[in-house]
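The following note is offered for a colleague's reading of the model shown below. Its points run from the overall fold to individual residues.

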Amino acid sequence: PIGQCLLETVAGLVAAREEWHEAARFYGAAEREAAASGLRRDRADEAFLSEQVAKARAALGPDAFSRSEQQGRALDYDRAMEAARKWVEAAASPGS
């Protein structure tokens, strides 16, 4: 479950930075984890994430968003977590 929460958080942060394809991809990975775990996010997290996802969907259009989301759903847990780690490290580096 902690991985699911991490992926949800990263999806929201990526969207806040307007990295739309990556946001959709991380969202897809988070949704895959949610389906596997059966855990749903709480209302506050859902409100934050759904707003960010809506922005990404609007920016990309439904077809492009769906393609990127499916790419995220196709990632296994370890690859999704590694991608999230790399994104966070890059975002935290000076000049990003």
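**Note on the predicted model**

1. Of the 96 residues in the protein, 41% are buried. The coordinates are those of a predicted model, and every remark below should be read accordingly. The protein contains five helices and zero strands, and along the sequence the pattern reads α-α-α-α-α. Its radius of gyration is 12 Å, close to the 12 Å given by the globule rule for 96 residues, so the protein is as compact as a globular protein of that length.

2. The C-alpha trace spans about 40 × 25 × 25 Å along the principal axes. About 5,500 Å² of the protein is exposed, and carbon and sulfur atoms supply 54% of that area. Among contacts with a separation of 6 or more, 75% are accounted for by residues 24 or more positions apart.

3. The largest nonpolar core comprises 24 residues, and those with the most contacts inside this core are L7, V10, V14, F26, Y27, L60 and F65. At least two core residues are supplied by each of α1 (2-16), α2 (20-37), α3 (43-60), α4 (62-74) and α5 (77-92). The greatest contribution is that of α2, with seven residues.

4. Which residues does L7 contact once its neighbours within four places in sequence are left aside? They are F26, A29, A30, E33, A80, M81 and A84. Of these partners, F26 is also listed among the core residues with the most contacts, and F26, A29, A30 and E33 are among the buried residues of α2.

5. Helix α2 has 18 residues and reaches 25 Å from its first C-alpha to its last, close to the 26 Å expected at 1.5 Å a residue. Its buried residues are W20, A23, A24, R25, F26, Y27, G28, A29, A30, E31, E33 and A34. The cover over these residues includes α1, α3, α4 and α5. After α2 comes G38, with a positive phi near 80 degrees.

6. Helix α4, with 13 residues, reaches 18 Å from its first C-alpha to its last, close to the 18 Å expected at 1.5 Å a residue. Why do the buried residues of α4 lie on the same side of the helix? The residues concerned are A64, F65, S68, E69 and G72. They cover an arc of only 130 degrees around the axis, and therefore sit on the same side of α4. As a general matter, an α-helix has 3.6 residues a turn, so residues three or four places apart point the same way. On the other side of α4, P62, D63, R67 and A74 are exposed. What covers the buried residues of α4 includes α2 and α3.

7. E69 deserves a separate remark. This residue lies in helix α4 and has a relative accessible area of 10%; because buried means under 20%, E69 falls in the buried class. Leaving aside neighbours within four places in sequence, E69 is in contact with A24, R25, Y27, G28 and R57. Of these partners, A24, R25, Y27 and G28 are among the buried residues of α2.

8. A second glutamate to inspect is E8, placed in helix α1. Is E8 buried or exposed? At 7% relative accessibility, E8 counts as buried. Not counting residues up to four places away in sequence, E8 touches A30, R41 and L49. E8 and G95 are 87 residues apart in sequence, and their C-alpha atoms are 24 Å apart in space.

9. E18 is found in the loop between α1 and α2. Its phi is near 60 degrees, a positive value in a residue other than glycine. With a relative accessible area of 55%, E18 is exposed. The backbone at E18 may be examined alongside G38, whose phi is also positive.

Definitions and conventions. Residues numbered from 1 in each chain as written. Predicted model: local features only at pLDDT ≥ 70, side-chain atom pairs only at ≥ 80, totals over all residues. Heavy atoms only, no water. Core = buried A, V, L, I, M, F, W, Y, C linked by side-chain atoms within 4.5 Å. Buried < 20%, exposed > 50% of the residue type's maximum accessible area, 1.4 Å probe, protein only. Helix = DSSP H or I, 4+ residues; strand = E, 2+ residues; numbered from the N terminus. Contact = heavy atoms within 4.5 Å. Expected span 1.5 Å × (residues − 1). Arc of directions from axis to C-beta. Rg over C-alpha atoms; globule rule 2.2 N^0.38 Å. Areas by Shrake-Rupley, 256 points an atom, 1.4 Å probe, with all protein chains shown as cover.
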